[in-house]
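Work through these short exercises with the structure open beside you. Try each task before you read its solution.

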Amino acid sequence: MATPLQPCTIDDLPSTVSPRLLSFSGLQIPVHFRAGSNKTLVIIFHGAVSREKRQIPFFQTHFSTAFGAHQLSVADPCLASDQHLSMAWYAGTQDLPLQEVLPRLFHAVAQRLQVNRVIYFGASSGGFAALH
């Protein structure tokens, strides 16, 4: 069983070194942040998660060669709602309006970090979220 994540806010991100529950717009979004040294932010979405191999929340690994970019790996919080789900496309639910809230969250993070470039990355079902 996974260790419960500690809560944080956008202001806590630059000092966060372990996964956290980011509080934003009344939601708790599991994130894993890695501070960078330049004005680029890479937002990373995971694909389908095999529950036999991975624990929820699952975070796509940060890039080892992101050339100094800040990195924010986001776990799909919908997967915690049903143990049979392997993907939920970051589409959200009626009570978890991810497609409405995530763009505002990413904009707020970019402003907080004072970045001028945001790159969205996702493979498989995470690609859907990156394109959205």
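**Exercise 1. Find the ring cluster.**
Which residues do ring pairs link into a cluster?

Solution. Start with the cluster itself: Phe45, Tyr90, Phe106 and Tyr120 are joined by ring pairs. Bear in mind that this is a predicted model. Next, take the total: the structure holds 5 aromatic pairs.

**Exercise 2. Classify the pair Phe45 and Phe106.**
State the geometry of this pair, place both rings in the chain, and decide whether each residue is buried or exposed.

Solution.
Step 1. The ring centres of Phe45 and Phe106 lie 5.8 Å apart, and the angle between the planes is 75°. Planes over 60 degrees apart count as edge-to-face. The pair is therefore edge-to-face.
Step 2. Phe45 sits in strand β4 (residues 40–45), and Phe106 in helix α1. The two are 61 residues apart, so the pair links distant parts of the chain.
Step 3. Buried means under 20% relative accessible area. Phe45 has 2%, so Phe45 is buried. Phe106 has 4%, so Phe106 is buried.

**Exercise 3. Repeat for Phe63 and Phe121.**
What is the geometry of this ring pair, and which parts of the chain does the pair tie together?

Solution.
Step 1. The centres are 5.0 Å apart and the planes meet at 80°, so Phe63 and Phe121 are edge-to-face.
Step 2. Phe63 lies in the loop between β4 and β5 (70–74). Phe121 lies in strand β6 (residues 117–122). The pair ties together parts that are 58 residues apart in sequence.
Step 3. Check accessibility. Phe63 has a relative accessible area of 29% and is partly exposed. Phe121, at 33%, is partly exposed too.

**Exercise 4. Track down the salt bridges.**
How many salt bridges does a search of the whole structure find? Name the partners and locate them.

Solution.
Step 1. Recall the principle: side chains of opposite charge can pair when their charged atoms come close.
Step 2. The search finds 2 salt bridges.
Step 3. One joins the side chains of Arg112 and Asp11, at 3.2 Å from N to O. Arg112 is in helix α1 (residues 98–113), and Asp11 is in the loop between β1 (6–8) and β2 (20–24). They are 101 residues apart, and the pair links distant parts of the chain.
Step 4. Arg112 is partly exposed at 36%, whereas Asp11 is exposed at 54%.
Step 5. Arg104 forms a salt bridge with Glu100, with the closest N and O atoms 3.6 Å apart. Both are in helix α1, 4 residues apart, so about one helical turn separates them. Arg104 is partly exposed, at 38%.

Key. Residues are numbered from 1 along each chain as its sequence is written. This is a predicted model: local features need pLDDT of at least 70, side-chain atom pairs count only at pLDDT 80 or more; totals for chains, interfaces and linings use all residues. Side-chain values use heavy atoms; hydrogens and water are left out. A salt bridge is a side-chain nitrogen of Lys or Arg within 4 Å of a carboxyl oxygen of Asp or Glu. Buried means under 20% relative accessible area, exposed over 50%, partly exposed in between (1.4 Å probe, protein chains only). Rings of Phe, Tyr and Trp (its six-membered ring) pair if their centres lie within 6.5 Å; planes under 30 degrees apart count as stacked, over 60 as edge-to-face and the rest as tilted.
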